[in-house]
Amino acid sequence: MTESFLDITHEVCPMTFVLVKLRLETLSPGSRLTIRLNGGEPLANIPRSVQEEGWRVESVMEEGPHYTLVVVR
Amino acid sequence: MSHCPTELLAETKESTEADEREWMERYSRQIILPGVGGRGQRTLNQATVALFGCGPMAIPLALYLAGAGVGRLLVLASSGSDWLCAMVRDLNPQVTTVALAPPASLEEATALLLAVQMTVLAEGKTSLRELLNQAAFTVKRPLLAGWQQPEALLAAGAAADSASGAACLHCVAQSAQQHLQGRAAADPLLLHVARGAIGSLLAMETLRSLLGHSSALWHNCLLLLPEQSSYQSLAVQKISSCPVCASDR
């Protein structure tokens with residue numbers, strides 16, 4: 001299983017999801033992507049959007065001031 | 001102005017990290033759409049579209065295609081194409097525009113259609129539509145067209161992968177003419193204004209086609225009746241005596 005990481009804590013909508021979507025497009029089935037994101041709008045929208053793209057949300061965890069979202073294709 | 005765009009289609013440019021960021025920001029609202037994504041956006045950026053016309057139908061068509069990021073727009077008109085190219089570049093400097101004279105022969109028309117992903121005729125003389133239809137049928141390339149009749153505005157298309165038996169644009173135009181027979185002419189002012197709606201529709205169908213989606217216009221005709229502010233979809237049958245496609249059965 002390929003593991004990769006993406007930090008979108010310095011981005012705002014819609015670039016948060018643009019970066020996630022572009023990265024997801026490069027990953028093959030079975031890959032896992034860990035995304036560091038802010039609370040608020042990114043936390044509310046990114047998990048829902050990746051699920052709409054056909055990815056499974058494995059976990060969402062609070063880590064200090066940010067959150068870590070793990071998605072699997 | 002040259003007829004042959006082939007030499008203009010080969011240029012490539014190395015992209016930097018800053019270019020990539022600019023690309024993402026410019027097209028962010030499209031990239032996030034389910035039917036587009038990064039791959040679809042790059043497909044649009046690499047596409048070349050031949051656009052015939054520079055009037056009220058061609059202007060929204062050109063601007064929508066430029067805004068969507070179609071990489072190269074060849075604007076073919078006997079006059080006014082430089083002005084439309086400048087307007088396109090103002091909207092999106094990343095789009096390459098080329099002003100060309102319309103093809104004068106079947107040979108020139110087929111060479112053009114083979115050099116581009118999509119050809120769109122936004123008005124023009126019937127003879128030009130017939131020439132492009134013949135060329136599209138000969139080399140099996142997609143062609144979208146919008147035009148005006150006294151009673152209505154029309155939009156139709158002929159697909160690249162035409163199944164045998166599918167109507168060409170000549171059949172479409174004949175069917176539409178028969179359908180509109182006896183109908184009173186529309187108010188010229190309404191027809192003039194409604195040309196922009198057909199241009200926008202052609203832009204939508206061009207983008208859908210470039211992205212690999214099917215178009216409702218393939219081998220069909222959409223009539224815009226401005227007096228009623230309504231659209232009618234006209235299913236078109238191939239004409240058995242069609243001089244263009246009758247042999248393709």
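Contact here means heavy atoms within 4.5 Å. Keep that in mind for the exercises below, and remember that this is a predicted model.

**Exercise 1. Work out which residues of helix H6 of chain B are buried, and what covers them.**

*Solution.* Start with the helix itself, which spans residues 106-115. Its buried residues are Ala109(B), Thr110(B), Leu112(B), Leu113(B) and Ala115(B). Next, look for their cover. Among the elements of chain B that you'll find there are strands S1 (48-52), S2 (72-76) and S4 (118-122). Helix H7 (126-139) of chain B is also part of that cover.

**Exercise 2. Find the buried residues of helix H3 of chain B and decide how they sit around the axis.**

*Solution.* Step one: go through residues 37-46 and pick out the buried ones, namely Gly37(B), Gly38(B), Gly40(B), Gln41(B) and Leu44(B). Step two: check their directions. They take up an arc of only 165° around the axis, so they are on the same side of H3(B). A bit of helix geometry helps here: with 3.6 residues a turn, an α-helix has residues three or four places apart pointing the same way.

Step three: turn to the face pointing away from the buried side. There you meet the exposed residues Arg39(B) and Gln46(B). Step four: ask what lies over the buried residues. The cover includes a piece of the other chain, helix H1 (15-26) of chain A. From chain B, it includes helices H1 (17-26), H2 (28-31), H4 (58-68) and H9 (188-210).

**Exercise 3. Check the radius of gyration of chain B against that of a compact globule.**

*Solution.* Begin with the chain length, 249 residues. A compact globule with that many residues would come out near 18 Å, and chain B has 18 Å, so the two agree. Now add the outline: the C-alpha atoms fill a box of roughly 60 × 40 × 35 Å along the principal axes. As for what is inside, chain B has nine helices and eight strands, and 52% of its residues count as buried. Finally, look at the contacts between residues at least 6 apart in sequence: 72% of them join residues at least 24 apart.

**Exercise 4. Two residues of chain B have a positive phi without being glycines; locate Lys140(B) and Ser229(B) and judge their exposure.**

*Solution.* Take Lys140(B), where phi is about 55°. This lysine sits in the loop between H7 and strand S5 (143-148) of chain B. Its relative accessible area is 35%, so Lys140(B) is partly exposed.

Then do Ser229(B), with a phi of about 50°. You'll find Ser229(B) in the loop linking strands S7 (220-225) and S8 (230-235) of chain B. With 65% relative accessibility and a cut-off of over 50% for exposed, Ser229(B) counts as exposed.

**Exercise 5. Over in chain A, locate the cis peptide bond and describe the surroundings of Met1(A).**

*Solution.* The cis bond joins Cys13(A) to Pro14(A), with omega about 5°. Pro14(A) belongs to the loop between strand S1 (3-7) and H1 of chain A.

Met1(A) comes in the segment before S1 of chain A. Its relative accessible area of 63% makes Met1(A) exposed. Still, leaving out residues up to four places away in sequence, Met1(A) touches Gly30(A), Ser31(A), Arg32(A) and Val72(A). For a distance, try Pro29(A): 28 residues from Met1(A) in sequence, and 8.7 Å away in space, C-alpha to C-alpha.

Notes. Residues numbered from 1 in each chain as written. Chains lettered and ligands numbered in written order. Predicted model: local features only at pLDDT ≥ 70, side-chain atom pairs only at ≥ 80, totals over all residues. Heavy atoms only, no water. Buried < 20%, exposed > 50% of the residue type's maximum accessible area, 1.4 Å probe, protein only. Helix = DSSP H or I, 4+ residues; strand = E, 2+ residues; numbered from the N terminus. Arc of directions from axis to C-beta. Rg over C-alpha atoms; globule rule 2.2 N^0.38 Å.
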